[in-house]
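Student: Hey, got a minute to go through a model with me? I'd like to start with the strands and then wander a bit.
Tutor: Sure, put it up and ask away.
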Amino acid sequence: MLEFFIPAAHAQDASPAGGGIAQIVMLVGFVLIFYFLLWRPQAKRAKQHKQLIGNLAKGDEIVIGGGLMGRITNVGDDFICMEIAEGTEVNVQKSSVAAVLPKGTLKSI
């Protein structure tokens with residue numbers, strides 16, 4: 001009764017050993033796809049973000065990951081002091097900076 005569940009393909013002779021090259025080519029193809037579609041763009045974005053953080057200076061207008069916008073008043077090694085309203089300053093990590101805005105974007109501060 002269990003013979004019904006065993007496919008007929010298992011009962012056939014083994015296929016020739018020439019399929020090894022095709023498997024290697026397919027594996028190399030997957031590695032290349034992974035590199036060009038995932039790893040390389042992510043590394044490029046990380047490099048750009050590191051450069052953005054390294055170029056922060058007092059007076060730059062920025063937006064952080066949470067959407068808070070303000071002007072930099074002090075730059076430290078790991079943290080920046082950001083003025084979000086007149087007389088209101090907050091300390092944030094440099095890594096939370098998402099973008100530097102063009103000068104004059106925040107006119108109300």
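Student: How many bridges pair strand 2 and strand 3, and in which sense do they run?
Tutor: Four bridges, in the antiparallel sense. Keep in mind that this is a predicted model.
Student: Fine. What joins strand 2 to strand 3?
Tutor: A hairpin, with three residues making the connection. Across that pairing, Asn74 faces Cys81 in strand 3.
Student: And what holds strands together in a sheet, in general?
Tutor: Backbone hydrogen bonds between the strands, in either a parallel or an antiparallel arrangement.
Student: Back up one strand. How many residues sit between strand 1 and strand 2?
Tutor: Four, and those two strands form a hairpin as well. Gly67 lies in the turn and has a positive phi of about 100°. Strand 1 and strand 2, the latter covering residues 69-75, are antiparallel and share three bridges. Val63 is opposite Met69 in strand 2.
Student: What about strand 3, how many bridges does it make to strand 4?
Tutor: Six, and the two run antiparallel. Strand 3 spans residues 79-85, and Met82 is opposite Val90 in strand 4.
Student: So what's the strand order in the whole sheet?
Tutor: It goes 4-3-2-1-5, an open sheet of five strands with antiparallel pairing. Strand 4 (88-93) and strand 5 (97-101) are the edge strands, each pairing on one side only. On average, neighbouring strands in this sheet are turned by 45° against each other, ignoring direction.
Student: Which residues make up the largest nonpolar core?
Tutor: There are eight: Leu56, Ile62, Ile64, Ile72, Ile80, Met82, Val92 and Val97. Strand 1 (61-64) and strand 3 each contribute at least two residues to this core.
Student: Let's pick Ile64. What does Ile64 touch, leaving out residues up to four places away in sequence?
Tutor: Met82, Val92, Ser96, Val97 and Ala98. Of the residues Ile64 touches, Met82, Val92 and Val97 also belong to that core.
Student: Change of topic. What comes before the strands, going from the N terminus?
Tutor: A helix: the elements run α-β-β-β-β-β. In total the protein has one helix and five strands.
Student: Where does UniProt put the transmembrane region?
Tutor: At residues 20-39, according to an unreviewed entry. In the model that span is 100% helix and 0% strand, and its end C-alpha atoms are 27 Å apart.
Student: How many aromatic pairs are there?
Tutor: Two. One of them is Tyr35 with Phe36, an edge-to-face pair at 4.9 Å centre to centre, with 80° between the planes.
Student: Why is that pair called edge-to-face?
Tutor: Because the planes are 80° apart, and an angle over 60 degrees counts as edge-to-face.
Student: Which residues are in the aromatic cluster?
Tutor: Tyr35, Phe36 and Trp39, linked by ring pairs.
Student: What's the relative accessible area of Tyr35 and of Phe36?
Tutor: Tyr35 has 33% and Phe36 has 46%. Both are partly exposed, because each value falls between the 20% limit for buried and the 50% limit for exposed.
Student: Last one: what share of the 109 residues is buried?
Tutor: Buried residues come to 17% of the protein. As for contacts between residues at least 6 apart in sequence, 41% join residues at least 24 apart.

Terms used: Residues numbered from 1 in each chain as written. Predicted model: local features only at pLDDT ≥ 70, side-chain atom pairs only at ≥ 80, totals over all residues. Heavy atoms only, no water. UniProt positions renumbered as here; feature names shortened; annotations may be inferred. Pairing = 2+ DSSP bridges. Axes fitted to C-alpha atoms, helices over the stretch in contact; angles between N-to-C directions. Core = buried A, V, L, I, M, F, W, Y, C linked by side-chain atoms within 4.5 Å. Buried < 20%, exposed > 50% of the residue type's maximum accessible area, 1.4 Å probe, protein only. Contact = heavy atoms within 4.5 Å. Phe/Tyr/Trp six-rings, centres within 6.5 Å; stacked < 30°, edge-to-face > 60°.
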